[in-house]
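I opened a new page for the cysteines. I want to know how they are paired and how they sit in the fold.

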Amino acid sequence: MNKELETLFLEGLEINQQRLFRICRVYSTNSEDAKDLFQEILIHVWGSMDAFKGKSSFSTWLFRIALNVCLQFKSKHIKSQSRLIKLDSISVENFGSDELTEAKESDEKLILLRTCIKSLNESDKALITLYLEELAYKEISEILGLTENNVAVKIRRVKLKLFNCLNEVI
């Protein structure tokens, strides 16, 4: 691999590392699986660097690979995983009593949102995950192979599904 592609890989990873890890969290049931999934994405991206032709932005190409790896991971592990939903605990430290109460409420809402997102079908899950990562509709459309208009319509529908899901569990 040439130095230019290596630099592109390292810069792309530095810029998108947190986003990629959050996507991994959506498609995994615990933090260890998310770490494994993140490493699997890096292996796939590194191994495919010679195939990157620059027809899209590097981040678009990177997210497309990440979603494909996540979907493969999920389909491989769905049979071995139990049907129980495991919720990751979020630790809170160094808060006063009022701040601790607010933090716990915020954590509970975040856990409920994650649970609702995980209940979506795979295409809706991918769409809302990219939207929550604040990607532009144009970039989401390139990653998922949809038109920008279709992305906008689907995002509105997924938001409504999440709203309904959250209202059911509250």
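I wrote down the cut-off before looking anything up: a residue is buried when its relative accessible area is under 20%. I also note that the model is predicted.

Entry one, Cys-24. I looked up its accessibility and found 0%, so Cys-24 is buried. I then looked for a partner. The closest cysteine sulfur belongs to Cys-70 and lies 4.7 Å from the sulfur of Cys-24, which is too far for a bond. The cut-off for a disulfide is two cysteine sulfur atoms within 2.5 Å.

Entry two, Cys-70. I checked the pair from the other side. Cys-70 takes part in no disulfide, and its nearest cysteine sulfur is that of Cys-24, 4.7 Å away. Cys-70 is buried too, because its relative accessibility is 0%.

Entry three, the count. How many disulfides does the rule give? I get one.

Entry four, the bonded pair. I found Cys-116 joined to Cys-165, with the sulfurs 2.1 Å apart. I placed both residues in the fold: Cys-116 is in helix H4, residues 97-118, and Cys-165 is in helix H7, residues 148-169, so the disulfide ties together parts 49 residues apart in sequence.

Entry five, handedness. I read a torsion of about -85° around the S-S bond of Cys-116 and Cys-165, so I recorded the disulfide as left-handed.

Entry six, burial of the bonded pair. Are these two cysteines buried or exposed? Cys-116 is buried, at 2% relative accessibility. Cys-165 has a relative accessible area of 18% and is therefore buried as well.

Key
Residues are numbered from 1 along each chain as its sequence is written. This is a predicted model: local features need pLDDT of at least 70, side-chain atom pairs count only at pLDDT 80 or more; totals for chains, interfaces and linings use all residues. Side-chain values use heavy atoms; hydrogens and water are left out. Helices (H or I, at least four residues) and strands (E, at least two) are DSSP runs, numbered from the N terminus. Buried means under 20% relative accessible area, exposed over 50%, partly exposed in between (1.4 Å probe, protein chains only).
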